[in-house]
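Biologist: I should like to learn how to read the interior of a protein model. Could we go through one example together?

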Amino acid sequence: LLSHYIEPHLLIPPDIAIIHVGINDIKNTDHKLDQQIAAEIIQIGQKCMQSGVKRVIISGITKVAKSSDGQRVSRVNILLEEVCRSEGFLFLNNSAINIPHLWKDGLHLNEQGKVILARNYIEAINLC
């Protein structure tokens, strides 16, 4: 996963960090177990907290059109939600984003999907 990309952003830690991992990270890690993917995402949140971020929000991975990838997304999201509770992170459930909210490629969000995701982020930030 791309955990090393977060380090420059933590030099001056923000009050709130939203961690959003896309489907590419799942598609490109077929050799990893769902638990490993979830653990790596949680480690990013832990790194944020250790750097002084006050509140971490883990954004659930959004659905995709391909059913096998979609099943894996669901499994990883379930694991993330469970671990977020024990770590004190807020889990952002993006289950309102469905197939009609995806671009023609079945992976990326269309404008409607982007609006839903943005609203989810705003609501989560307001909870903090």
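**Reading the core and the sheet**

Modeller: We begin with the core, bearing in mind that this is a predicted model. The largest nonpolar core has 24 residues, of which Ile19, Ile41, Cys48, Ile58 and Leu80 touch the most other members.

Biologist: Which elements give two or more residues to this core?

Modeller: They are strands S1 (16-20) and S2 (55-59), together with helices H1 (23-27), H2 (34-50) and H3 (67-87). The most is given by H2, with 6 residues. There is also a second, separate core of 5 residues, which includes Ile97, Leu102, Ile116 and Leu117.

Biologist: Which residues does isoleucine 58 touch, not counting residues up to four places away in sequence?

Modeller: With that exclusion, isoleucine 58 touches Ile19, Ile41, Leu80, Cys84, Phe89, Leu90, Phe91 and Leu92.

Biologist: Why is S2 described as largely enclosed by the rest of the structure?

Modeller: A residue counts as buried when its relative accessible area is under 20%. S2 is largely enclosed because 4 of its 5 residues are buried.

Biologist: How many bridges join S1 to S2?

Modeller: S1 and S2 run parallel and are joined by 5 bridges; histidine 20, for instance, has serine 59 in S2 as its bridge partner. S2 also runs parallel to strand S3 (residues 90-92), with 3 bridges joining them. There, serine 59 stands opposite leucine 92 in S3.

Biologist: Is asparagine 77 buried or exposed?

Modeller: Asparagine 77, in helix H3, counts as buried because its relative accessibility is 14%. Not counting residues up to four places away in sequence, asparagine 77 touches Gly60, Ile61 and Phe91.

How values were computed
Residues are numbered from 1 along each chain as its sequence is written. This is a predicted model: local features need pLDDT of at least 70, side-chain atom pairs count only at pLDDT 80 or more; totals for chains, interfaces and linings use all residues. Side-chain values use heavy atoms; hydrogens and water are left out. A nonpolar core is a set of buried Ala, Val, Leu, Ile, Met, Phe, Trp, Tyr and Cys residues joined through side-chain atoms within 4.5 Å. Buried means under 20% relative accessible area, exposed over 50%, partly exposed in between (1.4 Å probe, protein chains only). Contact means heavy atoms within 4.5 Å. Two strands pair if DSSP finds at least two bridges between them.
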